[in-house]
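Here are some friendly notes to read alongside the picture. Take your time with each point, and keep the structure open while you go.

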Amino acid sequence: MRKSLLDRELRSRTGVKIVSEILKRTRGHAGQSTMNNHADSASRRAFLLTGSCMGGGLIAGYGTLGIMAGQFLYPADDGDFGWQFVASLHEIAVGESREYVAPSGARVVVARQTEQETADAFIALSSVCPHLGCRVHWEPHNSRFFCPCHNGAFDRQGQPTEGPPAAAGQQLVRFPLKVEDGLLFIEAPLSSIARES
Ligand code: FES
């Protein structure tokens, strides 16, 4: 009788020990799980932050590109044009030309076509081909402006005569000129690049 009481007591204590061991381990796992959850949410935050930074960088990059493309494709306001000195009349002989770069960065070829001492003796045309943007130059022996990229040609007034610009009807942009006291001036874009086609 006494032995069976002792056996029961022993089994009961062992059971309590096992149960308390299980509870301890369960709490341990729960704590670890909580820590894992914190770590997960921290790494999720870091991922989202990195993603946001990358997204912001991309948007800023594309925004800058968009602004540059807009400056290239769309004309400046009239208010952005101004008269700029090009050269003295005697500095450009008949048949010669000179490249003029406007404050905006627009490139213009200024060619002298006659002996006259007036602005009509000159012509100022954008040196950017309206087809794909190659450099156009004046050919005095052919009396034309020529683009070597795809053999695009333009007459003395910048009208297309050959190649892709002629097929598409794309002329060179012309800029006004004036002469004052023997000096040649051009009305050119000051702050942004004018339309090149
Ligand atoms: S870029 Fe001038 S003809 Fe094509």
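The numbered points below go from the overall picture to single residues.

1. Confidence comes at the start. What you see is a predicted model, and the average pLDDT of the protein is 74, with 57% of the residues scoring at least 70. Over residues 1-6 the pLDDT is below 50, and this stretch has zero contacts in the model beyond near neighbours in sequence. Residues 28-39 also stay under 50, and for them the model has zero contacts beyond four places in sequence. Where pLDDT is low, the predicted coordinates should not be read in detail.

2. Now the parts list. The protein contains two helices and eleven strands. Walking along the sequence, you meet them in the pattern α-β-β-β-β-β-β-β-β-α-β-β-β. Of the 197 residues, 20% count as buried. Among contacts with a separation of 6 or more, 49% are between residues 24 or more positions apart.

3. Look next at the sheet of three strands. This sheet is open, its strands pair in antiparallel fashion, and their order is 1-11-10. Strand 1 (81-88) and strand 10 (177-180) each have a single partner strand, so one side of each is left without a neighbour in the sheet. On average, neighbouring strands here are turned by 35° against each other, direction ignored. As a reminder, strands of a sheet pair through backbone hydrogen bonds, either parallel or antiparallel.

4. How many bridges join strand 1 to strand 11? There are seven, and the two strands run antiparallel. One pair to find on screen is S88, which stands opposite L183 in strand 11.

5. On its other side, strand 11 (residues 183-189) is joined to strand 10 by four bridges, again with the strands running antiparallel. Try tracing two of the pairs: L177 stands opposite I186, and V179 has L184 as its bridge partner. Strand 10 and strand 11 form a hairpin, with two residues between them.

6. The turn of that hairpin deserves a closer look. D181 lies in the loop between strand 10 and strand 11, and its phi is near 55°, a positive value in a residue other than glycine. Is D181 buried or exposed? D181 has 6 other C-beta atoms within 10 Å, and a residue with 12 or fewer counts as exposed, so D181 is exposed.

7. N151 can be read in a similar way. N151 sits in the loop between strand 6 and strand 7 (152-154). Although N151 is not a glycine, it has a positive phi of about 55°. N151 is exposed, with 11 other C-beta atoms within 10 Å.

8. The sheet of four strands comes next. This open sheet has the order 2-3-4-9, with antiparallel pairing. At its edges are strand 2 (97-101) and strand 9 (174-175), each pairing on one side only. Strand 2 and strand 3 run antiparallel and are joined by five bridges. Within this pairing, E99 has V109 in strand 3 as its bridge partner.

9. Which residues have the most contacts inside the largest nonpolar core? They are V108, V110, A124 and I186, in a core of 26 residues. The elements giving two or more residues to this core are strand 1, strand 3 (107-112), strand 4 (122-126), strand 6 (144-147) and strand 11. In soluble globular proteins, nonpolar side chains tend to be buried together.

10. Pick V110 as a guide to that core. V110 is in strand 3, and it is buried, with 22 other C-beta atoms within 10 Å. Leaving aside neighbours within four places in sequence, V110 is in contact with V86, I92, S97, R98, Y100, F122, A124 and I186. V110 and W138 are 28 residues apart in sequence, while their C-alpha atoms are 8.6 Å apart in space.

11. Finish with A124. Not counting residues up to four places away in sequence, A124 touches V108, V110, R174, F175, L177 and I186. Two of these names link back to the hairpin strands, as L177 stands opposite I186 in strand 11.

Conventions: Residues numbered from 1 in each chain as written. Predicted model: local features only at pLDDT ≥ 70, side-chain atom pairs only at ≥ 80, totals over all residues. Pairing = 2+ DSSP bridges. Axes fitted to C-alpha atoms, helices over the stretch in contact; angles between N-to-C directions. Core = buried A, V, L, I, M, F, W, Y, C linked by C-beta atoms within 7 Å. Contact = placed C-beta atoms within 7 Å. pLDDT = per-residue confidence, 0-100.
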